[in-house]
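Me: I would like to go through this structure one label at a time, asking in each case what justifies the word that is used.

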Amino acid sequence: SSGINAEYGGLSTVRSPETVGRAYAHTKSTFNANGLLSMHNLHSLTSIMEIYNARISSCHTDLFQFSEYSNRAIIPKGTLIYLGINLYFIAPALWNLGIKVQDIKDKIGCKGFHSRVKCWIQEIQSKGDPENWSNDNYTEKMLDMSKGK
């Protein structure tokens, strides 16, 4: 049977006429099989890399500050409503969560840091049911769980 070409996010797939109209490109398994991050997790990766650039190159020193004794970023005090939506607040929290992973901590300042962080986020994204998304699949949701620790 001849297929219909569908283009989504740079991935070309062939679908049979009976599957046209279904949103297979939005399934968790499609994202994970192709190494794609969800929008939320891509935002987390970008936020962590902004902090990494600040830590390594000393840029954004007016935005982000670090502990004198460790690689931990200092989370600025702010209104609770902004803590989860503003790069200024969420990036340091995500950075601190990421550097708890030894493989990531060991790569600070080394080639391969970006790919290790992406692998860690993909591991989180692929947890649980292979087809259905849950709160456990987003790094930002992990911040809620780690606040009391």
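Me: Where is Lys100 found?

Reply: In this predicted model, Lys100 is found in the loop between H3 and H4. Its C-alpha lies 9.5 Å from the C-alpha of Arg72, a residue 28 places away in sequence.

Me: Is Lys100 buried or exposed, and how do you know that?

Reply: The relative accessibility of Lys100 is 51%, and the word exposed applies to values over 50%, so Lys100 counts as exposed.

Me: What is the order of helices and strands along the chain?

Reply: The chain has six helices and four strands, and from the N terminus on they follow the order β-β-α-α-β-β-α-α-α-α. Of the 149 residues in the chain, 33% are buried. When contacts between residues at least 6 apart in sequence are considered, 51% of them join residues at least 24 apart. The chain exposes about 9,300 Å², of which carbon and sulfur atoms supply 54%.

Me: Why is the pair of Arg116 and Asp103 called a salt bridge?

Reply: The closest N and O atoms of Arg116 and Asp103 are 3.6 Å apart, and the rule asks for a side-chain nitrogen of Lys or Arg within 4 Å of a carboxyl oxygen of Asp or Glu, so the pair qualifies as a salt bridge. Arg116 belongs to helix H5 (residues 113-125) and Asp103 to helix H4 (residues 102-106), so this salt bridge ties together parts that are 13 residues apart in sequence.

Me: How many salt bridges are there by this rule, and which residues are linked in a network?

Reply: The count comes to two salt bridges. Glu123 also forms a salt bridge with Arg116, the closest N and O atoms being 3.6 Å apart, and Asp103, Arg116 and Glu123 are thereby linked in a network. As a general point, side chains of opposite charge can pair when their charged atoms come close.

Me: What makes Arg116 buried, and why are Asp103 and Glu123 called partly exposed?

Reply: Arg116 has a relative accessible area of 15%, and buried means under 20%, so the term fits Arg116. Asp103 has a relative accessible area of 43%, and Glu123 likewise has 43%; partly exposed covers the values between the limits of 20% and 50%, so that term is applied to Asp103 and to Glu123.

Me: Why is H2 called roughly perpendicular to helix H3?

Reply: H2 and helix H3 (residues 87-98) pack at an angle of about 85 degrees, with their axes 8 Å apart. Angles of 65 to 115 degrees count as roughly perpendicular, so H2 is described in that way with respect to H3. On the H2 side the contact is made by His43, Ser44, Ser47, Ile48, Glu50, Ile51, Tyr52 and Arg55, and on the H3 side by Leu87, Ile90, Ala91, Pro92, Leu94 and Trp95.

Me: How do you know that Ser47 counts as buried, and which residues is Ser47 in contact with?

Reply: Ser47, which lies in helix H2 (residues 39-57), has a relative accessibility of 1%; the limit for buried is under 20%, so Ser47 counts as buried. Leaving aside neighbours within four places in sequence, Ser47 is in contact with Leu87, Ile90, Ala91 and Leu94. The side chain of Ser47 also reaches the backbone oxygen of His43 at 2.9 Å.

Me: What makes Gln125 buried, and which residues does Gln125 touch?

Reply: Gln125 has its place in helix H5, and its relative accessible area is 0%; since buried means under 20%, the label applies to Gln125. Not counting residues up to four places away in sequence, Gln125 touches Lys28, Phe31, Asn32, Leu36, Leu37, Ser38, Asn41, Trp133 and Asn137. A polar atom of the Gln125 side chain lies 2.9 Å from the backbone nitrogen of Ser38, while the C-alpha atoms of Gln125 and Asn41, which are 84 residues apart along the chain, are separated by 7.7 Å.

Me: Where is Gln65 found, and what does Gln65 touch?

Reply: Gln65 is found in strand E3 (residues 65-66) and, not counting residues up to four places away in sequence, touches Ala73 and Ile74.

How values were computed
Residues numbered from 1 in each chain as written. Predicted model: local features only at pLDDT ≥ 70, side-chain atom pairs only at ≥ 80, totals over all residues. Heavy atoms only, no water. Helix = DSSP H or I, 4+ residues; strand = E, 2+ residues; numbered from the N terminus. Buried < 20%, exposed > 50% of the residue type's maximum accessible area, 1.4 Å probe, protein only. Contact = heavy atoms within 4.5 Å. Areas by Shrake-Rupley, 256 points an atom, 1.4 Å probe, with all protein chains shown as cover. Polar contact = N/O pair within 3.5 Å; in protein donor to acceptor, adjacent residues only side chain to side chain. Axes fitted to C-alpha atoms, helices over the stretch in contact; angles between N-to-C directions. Parallel < 35°, antiparallel > 145°, perpendicular 65-115°, else oblique.
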